[in-house]
Amino acid sequence: MSPADQPLSHRVRQIAMLDIPGGGQVVVDGDHVFIGHMKPPYGTSIVDVSDRRNPKVVADIRLETDASHTHKLRVVGDLMITNVEQNDRHFKRRAKGIAAAEIALRDELGRDPGEAEVAARVGVAPGDMPRLRKAANESYDEGGFKIWDISDRTKPSLLAYERTHGVGVHRFDADARYAYISTEMEGYVGNILVVYDLAEPARPREVARWALPGQHVAGGETPHWQGLKNRLHHAMRCGDELWAAVWNAGIRVIDATDITKLKTIGAYDYHPAIPEPTHTVMPFENPIGGRRIAAAIDEEHDHLHGRLHGFLWLFDASDLSDLKPLSIFSLGEHASPYSQSPGRFGAHQFHERLDTTLIYATWFSGGLRIIDAKDPTLPEEVGFFIPEPLGGEPSPQSNDVAVGEDGIIYLLDRNRGLHILEFQGA
């Protein structure tokens, strides 16, 4: 079958599409969908979907500068929390390596290195060096999170702006009382978990921290890894537990019975044999076949030939002291006509509620994949939808997915577009 003949959907139909700037997270709450955008000046959009076939943007929060992006969010009742994180942080971090690269190259070459040689050593294109050198002289102090009153969905009102440290806040979780923030903090290497009490939303109050052993360098600890490989991506509150994806350190389960005394009670690490970092992990709400089952998904980055693409895991979590992998679900490149196009292909994220045996997961250029875990040892794909890219993009980059109480699916592209879908196999 040629790429042109490959089907773009199975048991999933599109009921609407909204051409909107690309986003990092989508949240559905009743008749409104909330989108955190990837790039400034776009911050947060609130979309009225009371008519599912005719979505309308009713609020558009723009950013004043291009220093930050606010691509993640949570909605709890009439509160919305948005992250504030340094825009283009991965590129800008490379600026810290310029001086060391120049010294090393001078020693190796016996002369001053050329700009192209420095660019190759720090891992950027030669044409990016002027921007990188400019970044080396810039500081950043905007990182943190904002809390908004959204009792009027059309007029969000800022209640609080809590600054944290470093590049700021990435993905996070929240409930009616607490925000479980993934952020850099002074004295730590990489993102850690900081829990804030939201009893007074205008005055969030830190009540706990959790980090991997080795992250707290100011406390005398020493990382056994290089750079930022091991760090918190984000932690999901599930009952009295927090399920934490810790990037190249795999999975941790944290006892949150006493929120002020967080302690690790479960762990599993499949790195470095598996190349991609752990993005999200959480258990199903109900047992499957008499066992407690958890799902984890890895985020694909630049793919190297011969290495595995990012994929989905299923675990037996009946005994948290002995987490056991049961199976994986992986896509071959034949699964999408865009798998060889520029852009990422593999897994990224799933809908963060596992209240049935269905997992709604995003594969970047593989689109939405609906996977049934009724047999956790043999997960089965029961539906998919691959969006056609918008705005001249070479491939879809499906980044996040949310499912409403009515079963309607909201699929967000990191480059451009929101697709509103219906699964016809339920």
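Which strand gives the largest share of the lining of the second largest pocket? Keep that question in mind as you look through these close-ups of a predicted model.

**View 1. The second largest pocket and its lining.** The answer is strand S3, residues 23–29, which supplies five residues, the largest share of the lining. The second largest pocket holds about 1,100 Å³ of space. A total of 42 residues line this pocket, and those closest to its centre are His 351, Glu 352, Arg 353, Val 403 and Glu 405. If you sort the lining by class, you will find 19 nonpolar, 15 charged and eight polar residues.

**View 2. Strand S15, covered on both faces.** Take a look at residues 192–197, the run that makes up strand S15: six of its six residues are buried. On one side sit Ile 192, Val 194 and Tyr 196, and on the other Leu 193, Val 195 and Asp 197, with both faces covered.

**View 3. The strands that pair with S15.** Strand S14 (residues 178–184) pairs with S15 in the antiparallel sense, over six bridges. You can pick out one of these pairings at Ile 181, whose bridge partner in S15 is Val 194. That same Val 194 is among the buried residues of View 2. S15 also runs antiparallel to strand S16 (residues 205–210), and five bridges join the two. Here, Asp 197 stands opposite Arg 205 of S16.

**View 4. Helix H3 and its buried side.** Within helix H3 (residues 115–122), Val 118, Ala 119 and Val 122 are buried. They lie on the same side of H3 because they cover an arc of only 100 degrees around the axis. A helix rule is handy here: an α-helix has 3.6 residues a turn, so residues three or four places apart point the same way. The buried residues of H3 pack against two other helices, H2 (98–109) and H4 (129–136). Just after H3 comes Gly 123, with a positive phi near 90 degrees.

**View 5. Pro 272 in a loop.** Our last stop is the loop between strand S20 (263–268) and strand S21 (278–283), where you will find Pro 272. Is this proline buried or exposed? Pro 272 has a relative accessible area of 76%, and because the cut-off for exposed is over 50%, this residue counts as exposed. For a sense of distance, compare Pro 272 with Glu 200: the two are 72 residues apart along the chain, and their C-alpha atoms are separated by 42 Å.

How values were computed:
Residues are numbered from 1 along each chain as its sequence is written. This is a predicted model: local features need pLDDT of at least 70, side-chain atom pairs count only at pLDDT 80 or more; totals for chains, interfaces and linings use all residues. Side-chain values use heavy atoms; hydrogens and water are left out. On a 1 Å grid over the protein atoms alone, a cavity is a set of points where a 1.4 Å probe fits but cannot get out, and a pocket is an open set with protein on both sides within 12 Å along at least five of seven lines; lining residues have an atom within 4 Å of a point. Grid points are joined across faces, edges and corners, and a volume is the space filled by probe spheres set on the points. Helices (H or I, at least four residues) and strands (E, at least two) are DSSP runs, numbered from the N terminus. Ala, Val, Leu, Ile, Met, Phe, Trp, Tyr, Cys and Pro count as nonpolar, Asp, Glu, Lys and Arg as charged, and the others, Gly among them, as polar. Buried means under 20% relative accessible area, exposed over 50%, partly exposed in between (1.4 Å probe, protein chains only). Two strands pair if DSSP finds at least two bridges between them. The arc is that of the directions from the helix axis to the C-beta atoms. Contact means heavy atoms within 4.5 Å.
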